[in-house]
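Hi,

Here is the structure I promised to pass on. Have a look at it first, and then read my notes underneath.

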Amino acid sequence: MKKAFDMYYSESDNLITSSPSDRNDIVLMDRAIARSYAPSGRGWLDDAAFQIRTGLDARRLAGLIRRYERLNVVDRHEPSECPHGHIFDPGATECPDCHEPASNARLSGLTRYWVLKQPQEPLFDPTTARRPFNVFISYRHGETGQLAADLYYGLVSRNLNVFLDSSIIPPGVSFERIFLPVASDTSHFVFLASDSYFDSTYCKAELAHALRTARNVIPVPIGGNFHPPNDMPWLNQMNPCLIIGDGQCLSKELEDYLLPVVTQNPAPTNCDHRLNACIYLLQQMGRNELLSRFATSNWLSDIINQGTGPQHWIVAIRQEVGNNTTRLNELCSTLAP
Ligand SMILES: [Zn+2]
């Protein structure tokens, strides 16, 4: 099991091992580089970006950048400048802004670094990522990080907007306000069901909200069979993806299976487990929270007021909902994050 603050690049781990006193600066470099990686291979950063992101002075930076260059994580280049002052990739045949042939360009005198290597896990910031998302990927950091990274960059390179959740909630970020609404709203919800996936109450809550709102939920079993937890036994009736990931990286087989599924628009809906998901969610709440959520619904308030406790509420709610879609919709909306 990996720690919560691993490096984005194994090269950073090696650099720290060979010079432990540089650890803090290497951590800063590691994150600065990972942030600029683009699946097109065209992600770059320059000295100014390095300075802003790391806070290190020019001399210190130059030495650290050289170490990453030697390990082929970044590659230095000098961009071209066209006669109109546009800066562009020295490998291009013309200026992408004004189409002036590259033969009329000169060297810009600037220094940039391509980010050559994909980080081991994507650096994703849930607070700055913009809606709407096409795909939600839910996984456990330390178990399926590499697979999540391959999947994330693979989908991003196909112009899909992906929300990524490693089940580690960054400090100061509200799980209820950020993660649960996105899980409820995103058309396709892919979860990498590794050994400890269901140990996380965060993961289970996201999954329940995706099912509550009838999203296209796609279980990807990792390693062995698909083992739903005791408090979600009905997940057994879901069709997990038949291709078992090994959690290490994205196989061609899994990619070929998932891509057509998550690019379907409109997304298929999964209505079978809306009631089950609602029951799961309300089991996590106490009487007072339920009464305030159900305040606008007479039949739901009556069940909580008259019932003796969760066991009784659940039986009564299942009975009252039955095949009544209006009641089911009402229950689903009262449980929205
Ligand atoms: Zn130009």
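Right after helix 4, asparagine 72 has a positive phi of about 60°, and this is a residue other than glycine. Keep in mind throughout that this is a predicted model. Asparagine 72 sits in the loop that runs from helix 4 to strand 2 (74–77). Is it buried or exposed there? Asparagine 72 is exposed, because just 10 other C-beta atoms lie within 10 Å, and 12 or fewer counts as exposed.

Histidine 99 tells a similar story. Its phi is near 65°, again positive in a residue other than glycine. You'll find histidine 99 in the loop between strand 4 (87–88) and strand 5 (106–107). With 9 other C-beta atoms within 10 Å, histidine 99 is exposed too.

Back to helix 4 itself, which covers residues 58–70. Its 13 residues should span 18 Å at 1.5 Å a residue, and the end C-alpha atoms are indeed 18 Å apart, so the two agree.

How does helix 4 sit against helix 3 (residues 47–54)? Their axes come within 11 Å and cross at roughly 105°, which means that helix 3 is roughly perpendicular to helix 4. On the helix 3 side, the residues that meet helix 4 are Asp47, Phe50, Gln51 and Thr54; helix 4 brings Ala58, Leu61 and Ile65. Sorted by class, that contact has four nonpolar residues, two polar and one charged. The spacing is worth a glance: an α-helix has 3.6 residues a turn, so residues three or four places apart point the same way.

There are also cis peptide bonds to check in your viewer. One joins arginine 131 and proline 132, with omega about -5°; proline 132 is in the loop between strand 6 (112–115) and strand 7 (135–138). Another runs from asparagine 265 to proline 266, with omega near 0°, and proline 266 belongs to the loop between helix 8 (252–262) and helix 9 (274–283).

Now the whole protein. It has 13 helices and ten strands, and 32% of its 337 residues count as buried. The C-alpha atoms fill a box of roughly 80 × 50 × 40 Å along the principal axes. The domain assignment gives domain 1 (10–115), domain 2 (135–262) and domain 3 (285–334), and the C-alpha centres of domain 2 and domain 3 are 29 Å apart. Of the contacts between residues at least 6 apart in sequence, 68% join residues at least 24 apart.

Cheers

Note on methods:
Residues numbered from 1 in each chain as written. Predicted model: local features only at pLDDT ≥ 70, side-chain atom pairs only at ≥ 80, totals over all residues. Domains from an automatic or database assignment. Helix = DSSP H or I, 4+ residues; strand = E, 2+ residues; numbered from the N terminus. Buried ≥ 20, exposed ≤ 12 C-beta atoms within 10 Å, placed from the backbone. Contact = placed C-beta atoms within 7 Å. Axes fitted to C-alpha atoms, helices over the stretch in contact; angles between N-to-C directions. Parallel < 35°, antiparallel > 145°, perpendicular 65-115°, else oblique. Nonpolar A, V, L, I, M, F, W, Y, C, P; charged D, E, K, R; others polar. Expected span 1.5 Å × (residues − 1).
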